[in-house]
Structure formats: C-alpha cells, structure tokens
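Visitor: Hi, I've just opened this one and would love a quick tour. Can we go through it together?
Guide: Happy to. Here it is.
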Amino acid sequence: MDIKTMQDTPPWDWPTDAGKRVQEVLTDRRANKSERQAAAELAGSLVVMNDALAGCLTAIVGSPDEPARLRAQAAVSLGPVLEQADLDGFEDPDDVPITQSTFRNIQDTLQKLHSDESVPKEVRRRILEASVRAPESWHQKAIMAAYSSGDREWVLTAVFAMRWVRGFNEQILESLKNPDPEIHCEAVEAAGNWELAAAWPHVVEIVRDARSPKPLLLAAIGAVGSIRPEEAGRILVDLTHSHDEEIAEAANETIDMAEGGSGAEDEEDEEEEEEEEDEEWIN
C-alpha cells in the first residue's frame with residue numbers, strides 16, 4: 001500500500017508493514033516533497049508508531065537540512081505518542097508503542113530545539129504544541145514567554161498549550177475575550193478541559209448564539225459538558241436537532257457522556273452511603 005492509498009484508508013485497515021513503508025518514504029530525501037510530508041503526517045498514528053519511527057521523526061525535527069514544513073509536521077506527529085506515554089506510563093511495555101528511553105530522548109531533544117532561536121519559528125511552535133501533551137517543568141516558562149510575546153502566532157500556540165498544562169486559568173479567561181477566532185476557540189477548549197467555572201456564562205452564550213462559527217460552537221459544546229455536566233442536557237437539547245450532522249452529533253455525545261458521568265457519580269455516592277450505614281450498624 002502506497003502513501004496516497006494510506007491517506008484514503010482508515011489506520012486500522014493498513015497492512016502490517018505500513019510503518020515500514022512510512023519510514024522508508026520519510027528517510028528518502030529523493031522522494032517527492034508532498035509524499036514525504038504526507039508520510040510525516042501518517043507517522044503520527046499510534047497504529048504504526050514504534051521506537052524506530054519515533055527516532056526518525058525526532059531526527060527530522062532536529063535536522064536543519066530538512067524543509068521547515070516537514071520538520072514542523074514531524075514534531076506534531078510525535079504528540080500522540082507522547083500523550084499516550086504520559087497517560088499510561090511504562091509499567092506495562094504493551095501500553096505504549098515506544099520505550100521509556102525513546103520517550104526521554106524525544107522530550108530532551110524537543111526542549112533543546114525549542115530553546116534554540118535559530119530553529120525556524122514554525123518548527124519551534126509545533127515543538128511546544130507537541131511536547132506539552134506530556135507536560136514537563138520547562139513548559140510553564142515556555143508557555144508564558146509565548147503568551148507574553150505579543151506575536152499572534154505564538155499567543156495561539158500558548159493558548160493551545162494551556163489546555164495541557166496547569167496554572168494558566170487567568171490567561172485562559174483573558175483569552176476568551178480575544179477577538180482572534182482561533183485564539184478564542186483554543187481558550188474555550190482550555191476552559192472546558194480545566195472545568196473553569198468562571199467561563200460558564202461565556203460558553204453558554206456561544207452555544208445560544210446562532211451566529212457562532214462552527215469550530216467555536218463545537219468547542220463550546222464540549223466545554224458545557226465538562227464545566228457543568230448536570231446542565232448539559234438542558235443547554236444543548238436544541239442543538240441535538242441541528243441540521244448540521246456534526247453539531248447534532250457533538251451535542252448528543254456530550255449529553256450522553258454527561259449523563260453517564262453523573263450516573264457513575266450517583267452510584268459511587270450510593271455505595272459510600274451504604275458503606276457508612278453498614279459501619280454504623282456494625283458499631
């Protein structure tokens with residue numbers, strides 16, 4: 001299966017040697033630029049990720065001889081495996097497709113490259129956006145520097161990164177007022193992720209405003225379910241009948257998840273009450 005066919009095929013239907021093919025194209029500097037770019041994007045799938053492919057992507061990110069666009073995509077494609085490693089850890093080798101030493105090499109390399117101002121801006125931005133998916137101590141300072149830079153693109157990267165790294169509630173709330181649509185959308189995503197109660201009136205206003213751009217509306221739908229799941233059904237019910245299938249599906253999924261979470265919490269509360277009653281009866 002060639003790269004073009006892989007682009008049009010779900011990852012779970014790729015052949016067993018798909019990762020090998022992706023890596024071959026990535027490392028072939030004689031290959032078509034667009035094909036290498038596509039291979040770098042496909043490499044981000046956890047279906048094909050392994051130590052060798054991760055090492056290949058890391059090498060491309062760090063190579064000044066490679067096109068900046070390819071280096072940036074290679075960095076982005078490291079994000080999913082970094083996130084999985086951060087979530088699952090390395091106690092069970094089968095949980096993560098790379099080893100702990102490879103993970104450590106990726107993060108150390110990305111930190112070094114991000115601090116090097118001779119590296120192209122696009123590459124440094126994508127490095128920060130990918131590496132924060134497994135937060136480390138250096139990210140706090142890097143995010144604040146990006147946010148305070150006054151550069152629109154760096155601010156966008158910073159607000160995206162705030163979704164992954166704690167400690168930026170004030171900046172997230174401030175960014176909800178940013179007139180830039182992309183920054184605004186990232187701020188809503190971040191507010192939802194950290195369940196910021198102070199953002200509630202804002203996200204509800206977005207959901208109820210028929211003029212809200214679709215990306216912003218989808219972000220707000222998710223934020224409603226995160227911040228006040230018990231109110232998700234009431235707030236989102238009208239959107240479940242939207243003529244836009246994606247919006248209707250997002251509203252339905254958010255309501256279902258919110259109701260499922262509330263049910264689980266109720267069951268836990270009931271179990272705790274039963275345990276307390278049993279203890280009182282025994283005593």
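Visitor: Let's start with a glycine: where is Gly150 placed?
Guide: Gly150 sits in the loop between helix 8 (138–147) and helix 9 (152–161). One thing to keep in mind throughout is that this is a predicted model.

Visitor: Is Gly150 buried or exposed?
Guide: Gly150 is exposed, its relative accessible area being 68%.

Visitor: And how many Å apart in space are Gly150 and Ser118?
Guide: They are 19 Å apart, C-alpha to C-alpha, with their positions 32 residues apart in sequence.

Visitor: Zooming out, how many helices and strands are there in the protein?
Guide: The protein has 15 helices and 0 strands. Along the principal axes, its C-alpha atoms fill a box of roughly 70 × 50 × 40 Å.

Visitor: What percentage of the residues is buried?
Guide: Of the 283 residues, 45% are buried. The protein exposes about 15600 Å², and carbon and sulfur atoms supply 46% of that area.

Visitor: What about contacts, what share joins residues at least 24 apart?
Guide: That share is 59%, counted among contacts between residues at least 6 apart in sequence.

Visitor: Let's pick a helix. Why is helix 7 described as largely enclosed by the rest of the structure?
Guide: Helix 7 (residues 121–131) is largely enclosed because 8 of its 11 residues are buried.

Visitor: Which residues of helix 7 are buried?
Guide: They are Val123, Arg124, Arg125, Ile127, Leu128, Glu129, Ala130 and Ser131. You'll spot charged side chains such as Arg124, Arg125 and Glu129 in that list.

Visitor: And what do the buried residues of helix 7 pack against?
Guide: Their partners are helix 4 (51–61), helix 5 (68–88), helix 6, helix 8 and helix 9.

Visitor: Charges next. How many positive and negative charges does the protein have?
Guide: There are 26 positive and 61 negative charges, and the mean positions of the two sets are 16 Å apart.

Visitor: How many salt bridges does a search of the whole structure find?
Guide: The search finds 21 salt bridges. In general, side chains of opposite charge can pair when their charged atoms come close.

Visitor: Show me one inside a helix. Which residue does Arg104 form a salt bridge with?
Guide: Arg104 pairs with Asp108, and their closest N and O atoms are 3.1 Å apart. Both belong to helix 6 (residues 100–114), where they are 4 residues apart, about one turn of the helix. As a rule, an α-helix has 3.6 residues a turn, so residues three or four places apart point the same way.

Visitor: How accessible are the two ends of that pair?
Guide: Arg104 is partly exposed at 32% relative accessibility, and Asp108 is partly exposed at 39%.

Visitor: Now something linking two helices: what does Glu246 form a salt bridge with?
Guide: Glu246 bridges to Lys214, with the closest N and O atoms 2.8 Å apart. Glu246 lies in helix 15 (residues 245–282) and Lys214 in helix 13 (residues 214–227), so this pair ties together parts that are 32 residues apart in sequence. Glu246 is partly exposed at 42%, and Lys214 is partly exposed at 31%.

Visitor: What about Arg211, which partner does it have?
Guide: Arg211 forms a salt bridge with Asp209, the closest N and O atoms lying 3.2 Å apart. Arg211 is exposed at 72% relative accessibility, whereas Asp209 is partly exposed at 26%.

Visitor: Which residues are linked in a network of salt bridges?
Guide: Arg21, Glu24 and Glu35 are linked that way.

Visitor: Switching to cysteines, how many disulfides are there?
Guide: The count comes to 0 disulfides. Cys56 is buried at 10% relative accessibility, and Cys185 is buried at 15%.

Visitor: Last topic, backbone angles. What is the phi of Glu195?
Guide: Glu195 has a positive phi of about 55°, although it is not a glycine. For context, most residues other than glycine have a negative phi.

Visitor: Where is Glu195 found?
Guide: Glu195 is in the loop between helix 11 and helix 12 (200–208), and it is exposed at 51% relative accessibility. Asn193 is placed in helix 11 (residues 181–193) and is partly exposed at 39%.

Conventions. Residues numbered from 1 in each chain as written. Predicted model: local features only at pLDDT ≥ 70, side-chain atom pairs only at ≥ 80, totals over all residues. Heavy atoms only, no water. Salt bridge = Lys/Arg side-chain N within 4 Å of Asp/Glu carboxyl O. Helix = DSSP H or I, 4+ residues; strand = E, 2+ residues; numbered from the N terminus. Buried < 20%, exposed > 50% of the residue type's maximum accessible area, 1.4 Å probe, protein only. Contact = heavy atoms within 4.5 Å. Areas by Shrake-Rupley, 256 points an atom, 1.4 Å probe, with all protein chains shown as cover. Charge placed at Lys NZ, Arg CZ, Asp CG, Glu CD. Disulfide = S-S within 2.5 Å.
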